[in-house]
Amino acid sequence: MSTEHPKIGVFICHCGSNIAGVIDIPKLVEYAATLPNVVVAEDYRYMCSDPGQDLIKERAREKGLNRVVVAACSPTLHEPTFRRVLENIGLNPFFFDMSNIREHCSWVHTHEEEAALEKAKDLVKMAVARAAELKPLEQKQVDVKASVLVVGAGITGIQAALDIADAGYKVYLVEKEPSIGGHMAQLDKTFPTLDCSSCILTPKMSLVGQHPNIELLTYSEVREVDGYVGNFKVKVERKPRYVIEDKCTACADCLEVCPVNVPDEFNAGLGWRKAIYISFAQAVPNAYVIDTEHCLGMTPIACGKCKDACEAEAIDYEMKPEILELDVGAIIVATGFELFDAMQQLEYGYGKYPDVMTNLEMERMLSAAGPTEGKILRPSTMKKPKHIAYIQCVGSRNERYNAYCSRVCCMAALKQARQIREKYPEINVTIFYIDMRAFGKGYEEFYETTAREHAVTFVRGRVSEVRESFETDKIVIRAEDTFLGQPVEAEVDIVVLSCGIEAPKDLSEFARILGLQRSADGFLLEAHPKLRPVETNTDGIFIAGAVQGPKDIPDSVAQAKGAAASALAMVAAGQVKVQPYAAIVNEDLCAGCGICEASCPYGAVKVVDNLAQVTEAQCKGCGTCAAACPNQAIAPQHFTMEQIIAQLDALFQEAK
Amino acid sequence: MTNKNWEPKIVCFACRWCSYAGADMAGTSRIQYPANARVIRVNCSGRVDPQFILRALKLKADGVLIAGCHFGDCHYISGNYQTSRRVALLKEYLKEIGLEPERLRLEWISAAEGHKFAETMKAFVNEIKLLGPNPLANGGPEK
């Protein structure tokens, strides 16, 4: 087939008015028809739709096309769609090329119609020239390992792991903290239903702990990811807990003897824990852990009291970090978020005034299992407050920190305000906001009820200053009420900062390990913002929950289920097609110099008997070897010298 | 010497993971930039053979832009490091043969940096406009 004379069909998409509104389509079609090897050039309103695809199929049959060029959107979006069209009519799917005349042309040169048309002509001309040089490639099927790695065991990771495990596949669930549960475990109640967070989360946690298909690796972190779709090799480090999970009975005898007190992270620093501790009572696994940073020393000389106290003999001071190697078919990343650090926004006085606290600290205070057993106390006096103010958008919707909206803080503040008012009708609550965003199912109704029936006061305006009162022991808040158009001042007892959601600080490093991209806001980038929200640009790696962007629990769970379904579809199929881009060596040209071997990032090229040899399974087709080879003796398939030169030559053929 | 209506013609090699996607992002964000460049998609900026660059300049391209992932972000671990070394050497070579090294530009543009892609295009087009057309278009570099 490759030796056949190229017969190219060019199909130009209007994309409604997205392309046709800028580029003169009839002129582009007319031009395309004059290009070498082009047998037919046609346009259609939506080339990716069924009728559009049928048009390509019909013309291909009528005119005996053996190459197809579609000028439309980005190949990232629809290259797979059109390759399938070619497959359907018995053409090799790699006899296809795409001109990106939307993202790279009509959308970015909207007001320069002539220049846009000239550019579109060039892009089509280059694609046609490349198409003539394309070779048929065979997409190899590789077996998919029947197991999935889920990283992060908050509600998102838990849900994804359960769905996959319930379908009968092995799941490795990796969590860096000593217990699963994530942020949801710290919440008292959830909006808009006001149901107890633990009551809906902990049953799922114990299911994870007991599921025969889930191997739970807590206090563990992913260190290395190698391989490719269907066959990832993952190295996970299990940090030493110094407590044997299976032996620990969580009896708390060790707590009584441990002499060290450490601020308790689970209670947002409002309470104390020991150096040997369990994050919270319902932790899974229900086993203690020794925090070596604060432990006096795990020897009888320094301390060693916990080991003496442990009747179950669960404590092992000799435990070492352990590296586990896992083989998995797919990976789901659900590593969640971090709360914005309120210390950064100095004008709100967090860290300076004890009565300025974060929304998470208030959440822990509201929890019956929290440090105050559900009582609301003013930190400076430990007395009941009279007036509590919420400041919204702390660290969010602010160019200085994060420009985006964190999506959950409005509802979280409404929920806490409602809880406070229900419990203590004598405490006044005022919320200072920019916009109240109550967008989810049942949220607007919750907002209305909270405002009307629970008499929470709302002031629309960004707070400019928080300071201690000169006369009283209260906190003074200054803001502009943008409805009244005048400054307002309020004296309150507690200020709660609605801190926004941020990508975890170590996400950039983790993205690097996984080879994933991040969007401008720091969260992981999805393959398509609307149509492929849980896929990434790396086949076989999926994302879910707040690691993709701020999200509430319902949305996180929905994504978890989406990612689980996507991973399951791949694992259940048992086989997956890999891109056939591996480099091939022209033995006639190869001098065996070994420059390619030195340039390959994967060790996929080796010189044996003065000839370069490529291990196909290891080669990812990056082409670095090809650029390094002084003799053009090696090239990745589908990005050959001829193909790229053809594009260049076509582009400049009319240049003087 | 330079025609007032002259518009430089630029070739851009963009890696598919970061910079090509960054150009797509400029599109979906509708960020406008001059229509002088034509993008050739490659798997990695490390695929850009010096011969492609020299051929483009020989064919009278007024500028060549190579765009890849930021250091540490390369989808293929280290391809972009090799690109950066090649481009540095090639710029020296361009000087030797009498072409302005500024005609070759290397930028790191991530998939999220649609804005940077557009700004790079604007800046590069302006720079090339100041340099004028590729000297080869007028029969070779002046001595």
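**Close-ups of a predicted two-chain model**

**View 1. One salt bridge is counted between domain 2 and domain 5 of chain A.** For a salt bridge, the rule wants a side-chain nitrogen of Lys or Arg within 4 Å of a carboxyl oxygen of Asp or Glu. Here Lys140(A) pairs with Glu616(A), and their closest N and O atoms sit 3.0 Å apart. Charged residues number two on the side of domain 2 of chain A that touches domain 5 of chain A, next to one nonpolar and one polar residue. In that scheme Ala, Val, Leu, Ile, Met, Phe, Trp, Tyr, Cys and Pro are nonpolar, Asp, Glu, Lys and Arg are charged, and the others, Gly among them, are polar. Before going on, note that this is a predicted model, where local features need pLDDT of at least 70 and side-chain atom pairs count only at pLDDT 80 or more, while totals for chains, interfaces and linings use all residues. Residues are numbered from 1 along each chain as its sequence is written, chains are lettered from A and ligands numbered from 1 in the order in which they are written, and side-chain values use heavy atoms, with hydrogens and water left out.

**View 2. Here is the wider setting of domain 2 and domain 5 in chain A.** Domain 2 is pieced together from 140-239, 321-335 and 510-577, while domain 5 runs over 579-637; such bounds come from an automatic or database domain assignment. Taken over C-alpha atoms, the two centres are 35 Å apart. Four residues of domain 2 of chain A are in contact with four of domain 5 of chain A, contact being heavy atoms within 4.5 Å. Between these domains about 310 Å² is buried, with 28% of it from carbon and sulfur atoms. On the domain 2 side, Lys140(A), Gly227(A) and Tyr228(A) lose the most area to domain 5, together 72% of what that side buries. (Buried area is the accessible area, with a 1.4 Å probe, that two parts lose on being put together, summed over both.)

**View 3. Chain B meets chain A across a buried area of about 4500 Å².** Carbon and sulfur atoms give 57% of that area. Arg38(B), Arg41(B) and Arg47(B) supply 15% of what chain B buries against chain A, more than any other three residues. In contact terms, 51 residues of chain B face 56 of chain A.

**View 4. Five salt bridges are found across the interface of chain B and chain A.** Asp122(A) and Lys9(B) are joined by a salt bridge, at 3.5 Å from N to O. The side of chain B that touches chain A has 28 nonpolar, eleven polar and twelve charged residues.

**View 5. Cys196(A) and Cys199(A) form a disulfide, with a cis peptide bond before Pro192(A).** The S to S distance of Cys196(A) and Cys199(A) is 2.2 Å, and the rule asks for cysteine sulfur atoms within 2.5 Å. The link is right-handed, with 90° about the S-S bond. Over all chains, the structure holds two disulfides. The cis bond joins Phe191(A) to Pro192(A), with omega about -5°. Pro192(A) is in the loop between strand 8 (189-190) and strand 9 (195-196) of chain A; strands are DSSP runs of E, at least two residues, numbered from the N terminus.

**View 6. Two further backbone spots in chain A involve Pro285(A) and Tyr219(A).** Val284(A) and Pro285(A) share a cis peptide bond, omega about 0°, and Pro285(A) lies in the loop between strand 15 (276-277) and strand 16 (289-290). Tyr219(A), in the loop between strand 10 (214-217) and strand 11 (220-228), has a positive phi near 55°. Most residues other than glycine have a negative phi, and most peptide bonds are trans.

Key. Helix = DSSP H or I, 4+ residues; strand = E, 2+ residues; numbered from the N terminus.
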